[in-house]
Structure formats: C-alpha cells, structure tokens
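Biologist: I have a model open and want to learn how to read it. Where do we start?

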Amino acid sequence: MKRSNAEILKEYGPFPGADQVHGVTFDGRTVWYGAGDTINAFDPENGTLVRSLDVAAHAGTAFDGKHLFQIAEDRIQKIDPETGRVLATIPAPGRGSDSGLAWAEGTLWVGQYRDRKIHQVDPETGAILRTIESKRVVTGVTWVDGELWHGTWEGDESDIRRIDPESGAVLETLVMPPGTGVSGLESDGGDRFFCGGGPSGVIRAVRRPKRAR
C-alpha cells in the first residue's frame with residue numbers, strides 16, 4: 001500500500017448560512033454540497049456560491065449527469081437540480097446510518113459509516129446489489145477512472161483511500177492534516193478530489209495522485 005500526505009490545493013467556505021458539510025458532488029461545472037436543510041452549489045474556480053435548494057441533506061450527495069441524489073435521514077431522494085423538486089425516493093440501505101453517496105455504472109454507491117461497508121444500490125428500488133467491506137469507517141465515496149475511493153474520519157485522524165472494489169483491500173492512502181476531516185468526497189474526473197470538512201463548513205480540493213491515473 002502506498003501512503004502519502006494529501007496535498008490540499010484550495011479551501012472553499014465556510015459559506016453563509018451553512019455551518020455543516022455533509023455530501024459533496026460535482027456536475028461538471030459546479031460543486032454541490034449537502035448542508036442539513038439545503039443543497040448548495042459553488043463555482044470551484046472562484047468559490048462563488050451560485051445555487052441553493054431547500055432540500056433536506058443529512059449525508060451523501062451524488063449526481064448522475066442529470067439529477068441530484070441526496071441522503072436525507074433514512075431515505076435517498078432524487079432531485080431536479082433546476083427546481084429542487086423531489087422526483088422520487090428510495091430507502092437508504094443503512095436506514096439512517098448512511099454516509100457517502102456516489103453514482104457510477106448506472107447505480108448508486110452508499111457508504112455505511114460505522115458498519116465500514118459500501119453498498120451498490122439499485123437507484124430505482126433501493127435494492128442492495130453488492131457489498132464491499134472496508135477497513136475503516138466510511139464517510140464520502142467516489143468512483144473515478146474505475147477506481148473506488150472513500151474518505152475516513154476517526155477522532156483527529158482522517159484520510160482518503162483507494163480500495164480494491166472486489167476485496168476491499170487498501171491500495172493507497174492520502175493522509176489529511178491532523179484535525180482536518182473528510183465528510184463528503186467527490187472527484188472532478190481529473191486531478192482533484194473535493195472533500196467536505198464536516199462542522200468546519202469548509203470544502204477542500206485535494207490533488208488526486210497522478211500515479212493512480
């Protein structure tokens with residue numbers, strides 16, 4: 001396993017009226033993050049807040065290319081990002097103990113914080129299709145270029161780790177600075193991860209290792 005220190009490229013926030021960052025996702029132009037009672041979007045080039053939707057947002061956030069998906073308590077909501085309207089709802093696999101959320105391969109991937117698992121979930125029914133065991137608690141989840149990464153956060157220690165999607169074995173770890181946590185996690189498809197900072201209200205851009213690409 002390769003282990004290195006995370007390189008923080010930029011910090012965004014905290015933003016007015018949002019003192020928590022739960023899920024994080026990226027729609028190709030803007031970064032969206034769940035903040036409890038709202039889902040907000042900002043421009044990652046200049047940090048300007050550009051959208052806010054009045055939707056419950058208690059954990060992971062994902063984007064499928066057209067819709068937002070947001071964990072709210074024990075359910076996952078499918079949301080129109082233009083209007084904020086909830087279009088459909090499915091049960092979350094952890095029934096309220098869910099954390100990260102990602103979209104890949106036409107399905108949702110849901111982190112289970114204390115169970116240390118990641119479930120692949122049918123976005124229409126909520127049925128669990130497969131389960132990956134992790135070695136640490138799971139916060140944010142993201143897929144990029146066939147690689148599965150997830151955040152961890154225990155006490156003052158936090159990291160971003162790449163795991164084998166079959167065995168759950170840890171392949172690479174990016175260690176965050178002490179006291180810096182990772183709640184939500186998303187890749188921009190290139191050289192950045194966007195990491196939620198929990199109660200700090202901050203989102204951090206972290207460099208994705210070139211070797212992994």
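Modeller: We go from a sheet to its strands, and then to single residues. Keep in mind that this is a predicted model.

Biologist: Which strands form the open sheet, and in what order?

Modeller: Read the order across the sheet, not along the chain. Here five strands line up as E1-E18-E17-E16-E15, with mixed pairing. The twist averages 20° from one strand to the next.

Biologist: Which strands stand at the edges?

Modeller: Look for strands with a single partner. E1 (2-5) and E15 are the edge strands, so each has one side without a neighbour in the sheet.

Biologist: How many bridges join E15 to E16?

Modeller: Count the bridges, then check the direction. Strand E15 (residues 141-144) and E16 run antiparallel, joined by four bridges. One pair to find is Thr142 with its partner Trp149 in E16.

Biologist: And how many bridges pair E16 with E17?

Modeller: Seven, again in the antiparallel sense, with E17 spanning residues 157-163. Opposite His150 you will find Arg161 of E17. Trp153 has Ser158 as its bridge partner in E17.

Biologist: Which residues take a positive phi in these hairpins?

Modeller: Go to the turns. Two residues lie between E15 and E16, and Asp145 has a positive phi near 50° in that hairpin. The hairpin of E16 and E17 also has two residues between its strands; there Gly155 takes a positive phi near 65°.

Biologist: Why is E16 described as largely enclosed?

Modeller: Buried means under 20% relative accessible area. In E16 (residues 147-154), six of the eight residues are buried, so the rest of the structure largely encloses this strand.

Biologist: Now single residues. Is Ser187 buried or exposed?

Modeller: Compare its value with the cut-off. Ser187 has a relative accessible area of 7%, so it is buried. This serine sits in strand E19 (residues 185-187).

Biologist: What does the side chain of Ser187 reach?

Modeller: The backbone nitrogen of Gly189, at 2.8 Å. Beyond four places in sequence, Ser187 touches Phe26, Thr142, Val144, Arg192 and Phe193. You met Thr142 above, as the bridge partner of Trp149.

Biologist: Which strand holds Ile132, and is this residue buried or exposed?

Modeller: Ile132 lies in E14 (residues 128-133). Its relative accessible area is 2%, so Ile132 is buried.

Biologist: How far apart are the C-alpha atoms of Ile132 and Pro165?

Modeller: Set the separation in space beside the separation in sequence. These C-alpha atoms are 6.7 Å apart, although 33 residues separate the two along the chain. Outside four places in sequence, the contacts of Ile132 include Trp109, Leu148, Ile163 and Pro165.

Methods:
Residues numbered from 1 in each chain as written. Predicted model: local features only at pLDDT ≥ 70, side-chain atom pairs only at ≥ 80, totals over all residues. Heavy atoms only, no water. Buried < 20%, exposed > 50% of the residue type's maximum accessible area, 1.4 Å probe, protein only. Polar contact = N/O pair within 3.5 Å; in protein donor to acceptor, adjacent residues only side chain to side chain. Contact = heavy atoms within 4.5 Å. Pairing = 2+ DSSP bridges. Axes fitted to C-alpha atoms, helices over the stretch in contact; angles between N-to-C directions.
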